[in-house]
Amino acid sequence: MATDNFPEDGEEFFEALVGREQGLPGAKALREALEAEAKTLREAEGASAEDLSADERQTMTAIRQRLLDAGLLPPTSPAQVHGVTSDAPPPSSRQQSTSLWTKQLSRLGEWLFGGDRLRPVAIAASVVVASLVVIIVGTPTNQPTDEVMRGDSVLVITAADPAAEVAQLEQKLKAAGAEVIHAKLNDTEWALEVNVEKPEQLEQVKQVLRGAGYLIGKQPPYELEVRQK
Amino acid sequence: MEGEEFLRRMHAGDASVWEALMPALRKVALGACRDLKVFDQRKDDVVQDVALKVFTHWQSYQGDSKLNTWIYSIARNRCLDDLRKLRVRNESQSAAPDDDDGLTLLDRLVDETQSDMEHRLCVQEVLAELDAQPPARKGSMRMIDVLRWWVENGPTTEELAIFLKTSLGAAKERKSYILKHVKSLCQKYCGHDECAFSKKGAAHGH
């Protein structure tokens, strides 16, 4: 049975969802969110690299380079690798094994989406890959500050019991003088924001973070994550 | 780029896939930021993280939805992470206000009020969970796709029945079932009965 706060059946709700009924602000909010999504997707269909400004192009080039450095993008064209053109039909899994790139990705895929036995290893490996990208992003370069991608403070560790790990870490960090805010993102992921007001306490806080497995190379605040193993 | 072409190029190790995908990927990620009202200063982070996720998880893309729709779901989840952090930050600040007169990083994540953010978060959490549902059985359709089609076309129930290739009664039942599911998700994510989708909840500032 419906509650007093909700329409009795789907009719009123669905009518409100397309604006033919009034008085259900929630349905309106849902409609607006879906319309916004549809608008974004329509706009994306016509997106072209020519629409990007020089700065935007540079930002995207920097992201591409980081993906390449992390081995996440194919390094060369298929014609150069094994004569496959983009017009070719999708290769079978056996054909895929002819490409080193695809071999590596297939292996990663097997880890990620394959047997349960290897999944923890795969998750750890993906975290390492993600962390590597983050570390690369955090490496000082000759680029002007505006071109350096933010996000370099998001670091990840894994723990069998993220909640316990977060509680323990928070206690240690606070003891070291840090301000800590934690957020449960979902059942397996927690986020921490760590700030250090007094410069003289920074090294002690960094030591705690290093002890927990984080690699910190910049100034606070730090945005960190703990994920379930 | 269509999903099939994306998968073909990735399987082939085609280096040009980035150039082909990048404009749309960027547009979708930035569009999601706009839709979820993630503040300007976080947009480049979102674009970068979405690109990372697309190229680390491309093998999980099955081609059963449009490529840009899949990318949007990644971007939505990324923006939701920011909003969740902001919510916790705001709750923490309201519980123990500090003396900082400067804005912190999380303060700048979004540019509207806490209650608006709560509402936005609730709606997007519901959509994200609907979007995370597995592909529908053969001949059926996921709830989120029914909702998208309904909002886009504004049909009648009779037209929905034709679209779903089912009877009028079954289409009505489907609508009722979707409403029930949306309601349960809303209650789950809002954390109380007077959720954002209720008449009363809206009157309470959602």
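Start with chain B and its contacts in this predicted model. Of the chain B contacts with a separation of 6 or more, 59% link residues 24 or more positions apart. Colour the chain by secondary structure. Nine helices appear, and zero strands. Reading from the N terminus, the order is α-α-α-α-α-α-α-α-α. Now colour by burial. Chain B has 206 residues, and 48% of them are buried.

**Stop 1: the largest core**

Select B:Leu25, B:Ala29, B:Val50, B:Ile71 and B:Ala75. These residues have the most contacts inside the largest nonpolar core, a set of 71 residues. Which helix gives this core its largest share? Select residues 17–36 of chain B: this is helix α2, and it supplies 12 residues.

Next, centre on B:Ile71. What does B:Ile71 touch, leaving aside residues up to four places away in sequence? Show B:Leu25, B:Val28, B:Val50 and B:Val54: B:Ile71 touches each of them. B:Leu25 and B:Val50 are also on the list of residues with the most contacts inside the core.

Another core, of 18 residues, lies apart from the largest one. To find it, select A:Leu155, A:Ala183, A:Tyr222 and A:Val226, which are among its members.

**Stop 2: chain A overall**

Stay on chain A and show the whole chain. The secondary structure here comprises nine helices and four strands. Along the sequence the pattern is α-α-α-α-α-α-α-β-α-β-β-α-β. Colour by burial again: 29% of the 229 residues in chain A are buried. For contacts with a separation of 6 or more, residues 24 or more positions apart account for 53% in chain A.

**Stop 3: the strands of chain A**

Select residues 179–184 and 189–195 of chain A. These are strands β2 and β3, paired in the antiparallel sense over six bridges. Four residues form the link of the hairpin that joins β2(A) to β3(A). Which residue of β3(A) is the bridge partner of A:Ile181? Pick A:Glu193: that is the partner.

Add residues 222–228 of chain A, which make up strand β4. β4(A) pairs with β3(A), again in the antiparallel sense, over six bridges. Label A:Leu192 and A:Leu224. A:Leu224, in β4(A), stands opposite A:Leu192.

Is β4(A) mostly covered or mostly uncovered? Mostly covered: five of its seven residues are buried. Finish by showing A:Tyr222 and A:Val226 once more, both among the members of the 18-residue core.

Methods:
Residues numbered from 1 in each chain as written. Chains lettered and ligands numbered in written order. Predicted model: local features only at pLDDT ≥ 70, side-chain atom pairs only at ≥ 80, totals over all residues. Core = buried A, V, L, I, M, F, W, Y, C linked by C-beta atoms within 7 Å. Buried ≥ 20, exposed ≤ 12 C-beta atoms within 10 Å, placed from the backbone. Helix = DSSP H or I, 4+ residues; strand = E, 2+ residues; numbered from the N terminus. Contact = placed C-beta atoms within 7 Å. Pairing = 2+ DSSP bridges.
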